[in-house]
Structures are given as C-alpha cells and as structure tokens.
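The exercises below concern helix packing, ion pairs and buried positions in a single protein chain. Each task is followed by a solution in steps.

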Amino acid sequence: MTTPSDVLTPHEAPTPTAASPRRPRRLTPRFFARQLLRLAGSLAVLVVASFAMIHLIPGDPLRQMLGPTAPKELVDQRRSELGLDEPLVTQFTDYVRQLLSGDLGTSFFSSQPVADIIGQGLPNTLALAFLATLTALAVAVPLGLWAAVRTHNGRRRGTESAFTTLTGAAVAIPEYLYGLALLLVLALGLGLFPPAGLTGPASFVLPVTALAIAPAAMIARLARVETLRELDTDYMRLAHAKRLPAWRLYAVHLLPNTLTATLTMGGLLLSGLITGSVLVENVFAWPGLGLRTVEAITQKDYPVAQAMILVYGALVLVVNFLVDILLGILDPKSTLSTPSASTRREG
C-alpha cells in the first residue's frame, strides 16, 4: 500500500551527499541591486551606441529630405535649425538631455513627434511578439516532452531522426521566408486569411505563425534534452516503479522539473522576437514599429531611427533582466542568486 509520504512532489530532487554538497542560495536585495546596476549600465551603453550608429550612416539626411536640387543656403539653414551643424559632443549632450526630459524629438520628414510614432506602433509589435512566444511555448513544450518519452533509452530511432531533422530544418529557415510562404499559400492562394494590415483577430494568424515556427522548433529541442535528463533521475525511476498513472507521472512530476530552462529560453526568445519581427511586419504590412524602422533608416530620419534603436534595445535589456530575476526565483540554486548568509559563514 502506498502511503502519502511515498508520493513524490513536483521539483523533488535527490538529497545532496557529503561528496557533492549543494550550497543553498537565496535572493537578496544585493542581488536585485546588482541586476539593476547592470541594466542601468547596459542602457547607458545603448544610448551611446544609438547615437553613434545613426551618425555613422553615410549620406546627408537633409539633402535627401530637401532633394538634390535644393539650394545650399536652404540646406545650411535647415541644418542650423536642427542643430546638425554643432559638434558631435554638443549634439550628444543635447540628445541625452532630451531623453532625460522624455522628449524623443520630431521626425525630419513628417514633423510628427517621435513619441507619437512609437505610441502608435509599439503595442502592435509587442502583441505580435507576445502571442508568438505563447504559441511557440504551447506547441514546443508538449512536443519536446512527447519526443523525449518516445525516444528515451534509445527507443524509436526513426522518431528521433524525424524529430531532430524537422526541428533542425525549421530553426534554419528565417522568419520572413515563413511569412512569404504563408502569405502566398494561405492568404493570396487560398484566401483563408487577410494578406496584410490589422483588420481583426484573423490578421494575427499568419504573422504570429511565421514568427513562432523557428522558436517553437528550438524550444522543442531544448525541452526534449531537459526531459531526457529528468527521466534518468532517481525520483523519476521511483515514480516509474510505483506505476503511477501516465498523466500524473508526466504532468505532475516530470513537466514542472523541465520548465525552468524552457521558460528561460522562452523569455530570451521573446526579446529576440521583438527585434526579429521587423522583417515579418514588412511582409504583412503590419502597423507596428518594423515598417517605420526600415523607413527611418533608409530616409536617415535621425530622431525616429535613434528612438527605434533605443526602444528595441531597451525592450531586449528589460526582458533579459526579468528573465534573470525569474530564473533566480524559479531556480534558487542558480549562480545568478546570492549565497545566503549561513552559507558564507560556513565557507
């Protein structure tokens, strides 16, 4: 007869031995302060990089804006009005001062405040990236779990070969090629979905799918490796020996212990999808930041391009910061967290 104490609980791990002690760790204010300091330093580097990259682009934005036949006097007057005739150090100082005051500038071409441009497109870009991440996780985690259980201990070599081949190929194909294929077949060919723009919930299907395929394949491969590792642990062998129902064995005991690395990868992929959505947004004429970013860079619209670089970079840094915090919470043994006071005294 099985007693309550015989039933394993999720996240149960073998007891550390004297030969390999596990140093307990806990999250501390010092850990959060260190992470915040790193985030602030990265943001400072991002500000410098965004200013430098835009000014290193060859060509004259004012000549492009006013046209090749514009009089030199008009070009010089406009350059003086925009402060582009000042030394780079002065321009950078003004740039930082504007950022700190919340002023992102005004577009050279549309004369529209940059903050308004970002406010219009950012929600649509974030929605696309967030839905793609959720879709990738919803597909990849069960797929990786299934593949690991099916191929554990070298069984079903054909399934293993098919899984690794298909997921490897899926990862290698860029998102915008998926977008073009989906657009040609499902939108223009069969007419099942809107081909462009944001006209309703159906408009999300194709761009979200295009963004989610490669990340789903990558996460599925990771989930399979993590699941195979967990299947060889003592607590899973004991659970198998107790002949627990399959749903309890895999959903209650196995799944929670494989999610830490998978969710961490999902968070990192979210930041990658935010920046990687630029080309997919252009394929589907999505009203996000992607199309506006490409236009700003090609037109040398300094204020808009700098703001886009800042927004994309800041989003990536913030997501990575949150992933570090989440990893420290979900996995207290992670080296990201700080040793407890008792551990330091023992050391």
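## Exercise 1: Two positions in one helix

Ala-129 lies in helix α5. The model is a predicted one, in which local features need pLDDT of at least 70 and side-chain atom pairs count only at pLDDT 80 or more, while totals for chains, interfaces and linings use all residues. Residues are numbered from 1 along each chain as its sequence is written, and side-chain values use heavy atoms, with hydrogens and water left out.

Task. Determine whether Ala-129 is buried or exposed, and state which residues Ala-129 touches. Repeat the analysis for Thr-125.

Solution. Step 1: the relative accessibility of Ala-129 is 0%, so Ala-129 counts as buried (buried means under 20% relative accessible area, exposed over 50%, partly exposed in between, with a 1.4 Å probe and protein chains only).

Step 2: when residues up to four places away in sequence are not counted, Ala-129 touches Leu-270, Leu-273 and Ile-274 (contact means heavy atoms within 4.5 Å). Ala-129 and Pro-207 are 78 residues apart in sequence, and their C-alpha atoms are 9.5 Å apart in space.

Step 3: Thr-125 also has its place in helix α5, and at 0% relative accessibility Thr-125 counts as buried. Leaving aside neighbours within four places in sequence, Thr-125 is in contact with Ile-274, Ser-277, Glu-281, Trp-286, Gly-288, Leu-289, Gly-290 and Tyr-312.

## Exercise 2: Packing of α6

Task. Describe how α6 packs with α5 and with α8.

Solution. Step 1: helix α5 (residues 114–151) and helix α6 (residues 157–172) pack at an angle of about 150°, their axes being 9 Å apart. Axes are lines fitted to C-alpha atoms, for helices over the stretch in contact, and angles run from 0 to 180 degrees between N-to-C directions. The two helices α5 and α6 are therefore roughly antiparallel to each other (angles over 145 degrees count as roughly antiparallel, under 35 as roughly parallel, 65 to 115 as roughly perpendicular and the rest as oblique).

Step 2: Leu-143, Trp-146, Ala-147, Arg-150 and Thr-151 in α5 meet Thr-159, Glu-160 and Phe-163 in α6. These contact residues divide into 4 nonpolar, 2 polar and 2 charged (Ala, Val, Leu, Ile, Met, Phe, Trp, Tyr, Cys and Pro count as nonpolar, Asp, Glu, Lys and Arg as charged, and the others, Gly among them, as polar).

Step 3: α6 and helix α8 (residues 205–231) pack at an angle of about 140°, with axes 8 Å apart. That angle makes α6 oblique to α8. Among the residues in this contact are Phe-163 and Gly-168 of α6 and Ala-217 and Arg-221 of α8. By class, the contact of α6 with α8 has 8 nonpolar, 3 polar and 3 charged residues.

## Exercise 3: Salt bridges

Task. How many salt bridges are there, and where do the partners lie?

Solution. Step 1: the count comes to 2 salt bridges (a side-chain nitrogen of Lys or Arg within 4 Å of a carboxyl oxygen of Asp or Glu).

Step 2: Asp-94 pairs with Arg-97, the closest N and O atoms being 2.3 Å apart. These residues are separated by about one helical turn because they are 3 residues apart in helix α4 (residues 88–100). Asp-94 is partly exposed, at 29% relative accessibility.

Step 3: Arg-292 forms a salt bridge with Glu-295, with the closest N and O atoms 3.6 Å apart. Arg-292 and Glu-295 are 3 residues apart in helix α11 (residues 289–299), so about one helical turn separates them. Arg-292 is buried, with a relative accessible area of 17%, whereas Glu-295 is partly exposed at 32% relative accessibility.

Notes:
Helix = DSSP H or I, 4+ residues; strand = E, 2+ residues; numbered from the N terminus.
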